[in-house]
Amino acid sequence: MKTLKVALLGCGNVGSQVARILVDDAADLTARLGARLELSGIAVRNVDAPRDVDLPAELFTTDAEALVADADIVIELMGGLEPARTLILHALGSGAAVVTGNKALLAADGAALYEKADAAGVQLSYEAAVAGAIPILRPIRDSLAGDRITKVMGIVNGTTNYILDAMDSTGAQFADALAEAQRLGYAEADPTADVEGHDAAAKGAILASLAFHTGFDLSAVSCEGISSVTAEDIKAAQEAGFVIKLLAIAEKSPDTDGSEGVSVRVHPTLLPRRHPLAAVHGAFNAVFVEAENAGELMFYGQGAGGAPTASAVMGDVVTAARRLVLGGPVPAGRPSGSLPALPLEKVTTSYSIGLDVADQPGVLAAVARVFAEHGVSIETMRQTIHGEGSSAELRFVTHRAPEAALAATVEAIKGLDVIKNVKSVMRVEGV
């Protein structure tokens, strides 16, 4: 019976669970594959560090290069750009299949990895890089290959979804919800990558590249985090029938010259409570896909965690092993399309705008005139009087319009004498 050597790079939360599956489920995997998967070693920085999983000590090594050189399948779960990039390139060049969950590397330098894999005729798989256990990349790449995807919109960061969901359900301010997420282990001690949207942006670039068959890196992604979202924003959203989610959105749109392009963006977004993504609670993830023929599809599940993410890794490992045992074509790697990335100002979207205004005659007319001058129409308007009538709050939701026109509208409104403060500006989807 054929034996395939598997090298594991990294033994953190996910890596330790992958190693556990390879060791504990070896007999089942052999029966499914008709070949043995031999965990030949685990490359780590410190072989004596404590592990969550009890694994044979002889598996651990600090010599990642030697492991890679002798492997049929390399699983990279180290994270970061280097030495992960160099080790993956070496593995692909030596003819090994590579499975990775490294979203940052794929978003930053995926094109070089795809090119190397294609040149070597080997498999590069990365289901675990987006949305943890949720099988989303293969359905986009394979199941929808005969369709035309028009939009992908997802909650792809469990930390931010937990925080916003807690704010929605308890009325907590952002700082308090973040502290609770850190206490429960949903947020890191330094949560910047999550709350500022960087993690979601990397995943958005990967989703866009697969959905639209064109390579998009982080420079193509407009990114805004959730640290400015207040309890007042959450309450106003509730009163208007919305919920706030941090979404990664990749959407095919017409450019100003009529040609097609793709906008890729991450930002806090108002969603109607009837929308399927509005019902995603806690640290769960979900991705909503719109395609010309399939219509609307949603993929939901655990977006992080050792065992759930290890499930996605092992799906790629089994697929790679089957190809090595049975032969057959390597799944398409390098994107073949050439759609341009559209800058944010060319996106067509809706705004929710919250204003503190003087409570006096003519205010609404003055604001409405600014909207009209910029070609932006108002879909809904709500007014709340504060105190004894000295000031009021106006909340507008616009119809869809070019981002540039919406942004110019907000800037012009700020210049009105009757405006005390522009409290919040947030994009709206799903209306």
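Trainee: Where is H213 found?
Mentor: Welcome to this predicted model! Look for helix 10 (198-211) and then for strand 8 (221-223). H213 is found between these two elements, in the loop.

Trainee: What is the phi of H213, and is the residue buried, partly exposed or exposed?
Mentor: H213 is not a glycine, yet its phi is positive, at about 55°. Its relative accessible area is 38%. Buried would need under 20% and exposed over 50%, so H213 counts as partly exposed.

Trainee: A131 has a positive phi too, so I am curious: is A131 buried or exposed?
Mentor: A131 sits in the loop between strand 6 and helix 6 (137-143). Its phi is about 65°, although A131 is not a glycine. The relative accessibility of A131 is 1%, and the cut-off is under 20%, so A131 is buried.

Trainee: Which peptide bond is cis, with omega near 5°?
Mentor: Go to the loop between strand 4 and helix 4 (84-93), where P83 lies. The bond that leads into P83 is cis. Its other residue is E82, so to speak the starting point of the bond from E82 to P83.

Trainee: Let us turn to the sheet. In what order do the six strands stand?
Mentor: The strands form an open sheet, and their pairing is parallel. Strand 3 (60-61) and strand 6 (124-125) stand at the edges with a single partner strand each, so one side of each has no neighbour in the sheet. Reading across, the order is 3-2-1-4-5-6.

Trainee: Which residue in strand 3 stands opposite A43?
Mentor: Strand 2 (residues 36-43) pairs with strand 3 in the parallel sense, over two bridges. Follow strand 2 to A43 and look across to strand 3. The residue opposite is T61.

Trainee: Over how many bridges do strand 1 and strand 4 pair?
Mentor: Strand 1 also pairs with strand 2, in the parallel sense over seven bridges, and there A7 has G41 as its bridge partner. On strand 4, I75 stands opposite L8. Strand 1 and strand 4 are parallel as well, and their bridges number four.

Trainee: Why is strand 1 largely enclosed by the rest of the structure?
Mentor: Strand 1 has seven residues to consider. Strand 1 is largely enclosed because the number of them that are buried is five.

Trainee: Is helix 1 roughly parallel, oblique or roughly perpendicular to helix 12?
Mentor: Helix 1 and helix 12 (residues 306-326) pack with their axes 8 Å apart, at an angle of about 60°. Roughly parallel would need under 35 degrees, and roughly perpendicular 65 to 115. That angle therefore makes helix 1, relative to helix 12, oblique.

Trainee: And is the crossing of helix 1 and helix 12 left-handed or right-handed?
Mentor: To find the place, look for residues of helix 1 including V14, V18 and I21, which meet residues of helix 12, among them A307, A310 and V313. The crossing of the two helices is right-handed.

Trainee: To how many disulfides does the count come?
Mentor: A disulfide is a covalent bond between the sulfur atoms of two cysteines. Two cysteines to look at are C11, which is buried with a relative accessible area of 10%, and C223, which is partly exposed at 33%. With a cut-off of 2.5 Å between sulfur atoms, the count of disulfides comes to zero.

Methods. Residues are numbered from 1 along each chain as its sequence is written. This is a predicted model: local features need pLDDT of at least 70, side-chain atom pairs count only at pLDDT 80 or more; totals for chains, interfaces and linings use all residues. Side-chain values use heavy atoms; hydrogens and water are left out. Two strands pair if DSSP finds at least two bridges between them. Buried means under 20% relative accessible area, exposed over 50%, partly exposed in between (1.4 Å probe, protein chains only). Axes are lines fitted to C-alpha atoms, for helices over the stretch in contact, and angles run from 0 to 180 degrees between N-to-C directions. Angles under 35 degrees count as roughly parallel, over 145 as roughly antiparallel, 65 to 115 as roughly perpendicular and the rest as oblique. A crossing is left-handed if the near helix is turned anticlockwise from the far one by less than a right angle, and right-handed if clockwise. Contact means heavy atoms within 4.5 Å.
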